[in-house]
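Please examine the model below with two topics in mind: its internal cavity space and its cysteines.

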Amino acid sequence: MKLLVIANWKMNPLTEKEVKRLFTSIKKGLKGRKNIEIVICPPFPYLSIINNLLSSIKLGAQDCFWKDKGPYTGEVSPQMLENIGCKYVIVGHSERRETFKETDEMVNIKIKEILKAKLQPIFCIGETEEEKKAGKTFHVLEREIKKGLDKISKKEIEKVIIAYEPIWAIGTKKACEENEVMTVALFIKKLVSRLYNKKVASNIKIIYGGSVDSKNASDYLRESKMQGLLVGGASLNSKEFIKIIKSLNNIKTYLR
Ligand code: PEP
């Protein structure tokens, strides 16, 4: 199983010139690296630009709608993303849930449609600071997983990547403790085993996101046994992003 590192550029950078500069610099710095699956998720207008510059780096989108086509002003379908070369789609990111009021039910429909389009969903879950302080972390994660994966078959779940992203750790430089991440990952595995079976739970890919940088990245793989990382802010700095990837060399100790 390859490690997975996903760069979520969010609504950045501002110009096409900066996009090309950032991507080319990452591509150059990571040339020849085959042991890690690297995915760049730029804003929609830059997907084709990056696809044309693509190397072994894979392309992902930050969101999508759940219809193929039609009168849905402003939306982008999973089919369209597949057609222009995407392999992954981030879904249920906390910024979508918070700012755009996306519900667990909406996330569930999106996951189903992403899978139908033969793309891999990167399904984000995580608790807020208040929920954590109130001791509700596992309750929140259980709800998000049960509703988000509702009526998704054993076969389909193989393609789903679960990204644990504690909301209080996103963009705050307050990264989650490695042992906490490990505890959450074990909880997710147990829940998936209950909802599906042991084999599914052992194979499901769980990644961590939230203030990852080149200093803590390898600890999430070594100590928390994550199978990958979702990197926001640090992926907009090519030197830092390359450093993150290089720090993960030869790590194979993930959770099964
Ligand atoms: C994210 O938004 O998915 C994320 C992980 O952001 P950051 O790395 O900036 O905390």
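**Cavity and cysteines**

The largest cavity in this predicted model has a volume of about 40 Å³. The structure holds one cavity of 30 Å³ or more.

The lining of this largest cavity draws on several parts of the sequence. Gly 92, His 93, Ser 94 and Arg 97 contribute to the lining, as do Cys 124, Ile 125 and Gly 126, and it is completed by Glu 144, Glu 165, Ile 167 and Ile 170. Two elements, α4 (94-99) and β5 (120-125), give two or more residues each to this lining. In chemical character, the lining residues divide into four nonpolar, four polar and three charged.

Cys 124, one of the lining residues, leads to the second topic. At 2% relative accessibility, Cys 124 is buried. Does burial go together with a covalent link, or what else is found at the sulfur atoms? The structure holds zero disulfides. For Cys 124, the closest cysteine sulfur belongs to Cys 41 and lies 9.4 Å away, which is too far for a bond, because a disulfide requires the two sulfur atoms to be within 2.5 Å.

Cys 64 can be read in a similar manner. Its relative accessible area is 1%, and Cys 64 is therefore classed as buried. The closest cysteine sulfur to that of Cys 64 is in Cys 86, at 9.7 Å, so the separation is too far for a bond.

Definitions and conventions. Residues numbered from 1 in each chain as written. Predicted model: local features only at pLDDT ≥ 70, side-chain atom pairs only at ≥ 80, totals over all residues. Heavy atoms only, no water. 1 Å grid on protein atoms, 1.4 Å probe; cavity = no way out; pocket = protein on both sides within 12 Å on 5 of 7 lines; lining within 4 Å. Points joined across faces, edges and corners; volume = space filled by probe spheres on them. Helix = DSSP H or I, 4+ residues; strand = E, 2+ residues; numbered from the N terminus. Nonpolar A, V, L, I, M, F, W, Y, C, P; charged D, E, K, R; others polar. Buried < 20%, exposed > 50% of the residue type's maximum accessible area, 1.4 Å probe, protein only.
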